[in-house]
Amino acid sequence: MGQVKVEVASPPFGEPDVLAFPVREDDNSAFANGASVLDERVKSRLRRLAAEGELRGELGRTLVVHTDGEIDARRVAPVGIGKSDSVDPDAIRTAAAAVARATRDFGGTVAWLLDETLPLSYEAQARAVVEGLLLGAYRPGRWKTDERARRPLERIILVAGDEPGLADTAERAARVAGWVNWARDLANSPPNELTPEALATRAAETGVASLRAESLDPSQIDELGMGALAAVGRASANGPRLIVLRYEPEQPTRADVTLGLVGKAITFDAGGISLKPALNMQDMKGDMAGGAGVLAGTAAAADLGLPIRIVAVVAAAENLVSGDSFRPGDILRAANGKTIEITNTDAEGRLVLADALWYARREGATHVLDLATLTGAMELALGDLYAGMFANDDAWRDEILRAAERSGDHTWPFPLHPRYRRYVDSTYADMKNSSDLKQASPALAAEFLHEFAGDGPWAHIDMAGPGFLERSRGDYLTQRGGTGYGVRLIVELARQLSA
Ligand code: BES
Ligand code: MN
Ligand code: ZN
């Protein structure tokens with residue numbers, strides 16, 4: 001993790017393969033801070049490109065120009081950040097990702113001129129540049145046999161002069177971005193490779209010394225009475241696992257807080273007997289993205305040494321069809337003793353989470369957050385950008401929303417209300433797992449989870465949209481597949497809680 005070196009330097013800064021700098025759409029020949037570093041010959045060439053309309057400052061548009069030795073950098077890459085008044089961290093991430101893509105044939109060292117005239121602190125710019133470069137350079141084609149070997153991105157130099165603390169901020173951002181890409185790798189892994197057991201192995205092999213990993217196998221899951229997780233995983237030859245990561249820093253800031261992170265990790269969701277249609281079913285390998293985010297986010301927080309206790313609980317199972325499948329009509333008993341009538345085997349996420357939430361509380365979690373690709377309707381509502389959040393506690397909801405917006409993992413609040421409970425009232429059991437009405441499916445799923453959330457603050461993030469992309473989002477996430485959603489949010493939340 002974090003093989004890319006990150007430094008802060010003032011000119012001269014060696015001989016980078018490319019020197020990138022932001023260009024605004026409303027003033028595309030000012031080159032702001034770049035003016036001090038760029039040679040007059042380079043600048044006049046850039047002004048000509050601007051005059052000819054090839055360099056506009058449009059968000060995410062870049063071009064790579066050779067400098068022929070006129071300055072220390074081999075090439076310059078002016079990159080558009082859009083109009084000055086709409087520049088935010090996502091704009092910088094998007095621009096940096098465009099540079100990562102435009103330079104990936106030669107990789108090496110990318111230098112980036114931070115711009116003091118932007119309405120973003122150096123710190124915010126540094127984080128966004130590092131994230132954009134590292135997430136933008138991510139390649140999902142690990143399974144291609146003929147991927148052309150290219151020189152990877154090796155080093156990032158942020159050109160900013162003497163800024164105390166900036167190098168540390170940037171280096172930490174790079175480490176977190178490494179964990180985001182680690183989570184993306186998990187989500188992109190094919191389900192024949194990434195079984196529940198394989199996910200448990202990956203969780204145990206993070207290489208972070210302060211983490212303790214454990215995984216409960218099907219017989220231990222049965223012993224604990226986790227009838228919901230057991231039923232969902234039963235049809236597959238690759239049995240379920242309850243994966244637990246514990247992070248105990250030596251001196252947690254708050255002795256009374258244990259952050260409980262719970263993740264849905266359905267390594268493949270065929271829907272079970274309530275089988276899904278064939279179209280795009282392959283994307284249901286990404287139905288473990290919540291669990292991947294929880295594992296990677298926990299690893300990242302531990303890697304950074306944040307002083308907060310964390311217990312992460314990931315319910316991993318494969319929702320398949322076989323002669324031993326659970327069925328519509330079955331009544332299951334979850335670990336907390338409540339009974340669930342199954343009306344749709346494709347509403348499996350809430351079932352595995354029910355038992356995982358119970359386990360997180362049992363292990364002492366005081367503040368719980370679960371991440372899950374739970375409902376197609378949440379993706380219909382918010383698309384690929386925002387996740388929706390439900391919470392039983394206003395302060396906890398606001399804390400998470402603040403972390404989400406600071407992190408770039410966008411999240412929007414949705415209502416949790418006891419009167420949604422009637423949608424899952426069952427004639428036979430304490431509740432049923434789905435409703436036959438085409439209404440409020442994210443909200444009733446949240447109300448279902450509420451039954452298992454135990455005492456204390458709890459929040460549920462339905463990340464069905466931003467967790468796994470069907471196509472480029474047009475920003476810094478231009479690859480289809482896993483996004484690592486939740487990793488940066490968790491780090492930010494852990495930082496806030498331990499500050
Ligand atoms: N994993 C799916 C939700 C999903 C759909 C995530 C599309 C990402 C993209 C979940 O297990 C599911 O199948 N949900 C059903 C529930 C329904 C049967 C009550 C849904 O939302 O359609
Ligand atoms: Mn499903
Ligand atoms: Zn699912």
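1. Start with helix H11. Trp 396, Glu 399, Ile 400, Leu 401, Ala 403, Ala 404 and Ser 407 are its buried residues. An α-helix has 3.6 residues a turn, so residues three or four places apart point the same way. Note that this is a predicted model.

2. H11 covers residues 394-407, 14 residues in total. From first C-alpha to last, H11 reaches 20 Å. That is close to the 20 Å expected at 1.5 Å a residue.

3. Both ends of H11 deserve a look. At the start, Asp 393 places a side-chain oxygen within 3.1 Å of the backbone nitrogen of Ala 395. After the helix comes Gly 408. Its phi is positive, near 95°.

4. Now the metal site. Which residues coordinate the manganese ion (ligand 2)? Asp 269 and Glu 348 do so through OD and OE, respectively. Asp 346 contributes both O and OD. The distances run from 2.1 to 2.2 Å. Along the sequence, the donor residues follow the spacing D-x76-D-x1-E.

5. Check the geometry before assigning a label. Six donor atoms surround the manganese ion (ligand 2), and their angles span 70 to 166°. The arrangement is therefore irregular. For six donors to count as octahedral, opposite donors must be over 155 degrees apart and all others between 65 and 115.

6. A second metal shares a ligand. Asp 269 bridges the manganese ion (ligand 2) and the zinc ion (ligand 3). The two ions lie 3.1 Å apart.

7. Are the donors Asp 346 and Glu 348 buried or partly exposed? Glu 348 is buried because its relative accessible area is 1%, under the 20% cut-off. Asp 346, at 23% relative accessibility, counts as partly exposed.

Definitions and conventions: Residues numbered from 1 in each chain as written. Chains lettered and ligands numbered in written order. Predicted model: local features only at pLDDT ≥ 70, side-chain atom pairs only at ≥ 80, totals over all residues. Heavy atoms only, no water. Donors = N, O, S within 2.8 Å, 3.2 Å for Na, K, Ca; no water. Tetrahedral: all angles 85-135°; square planar, octahedral: opposite > 155°, others 65-115°. Buried < 20%, exposed > 50% of the residue type's maximum accessible area, 1.4 Å probe, protein only. Helix = DSSP H or I, 4+ residues; strand = E, 2+ residues; numbered from the N terminus. Expected span 1.5 Å × (residues − 1). Polar contact = N/O pair within 3.5 Å; in protein donor to acceptor, adjacent residues only side chain to side chain.
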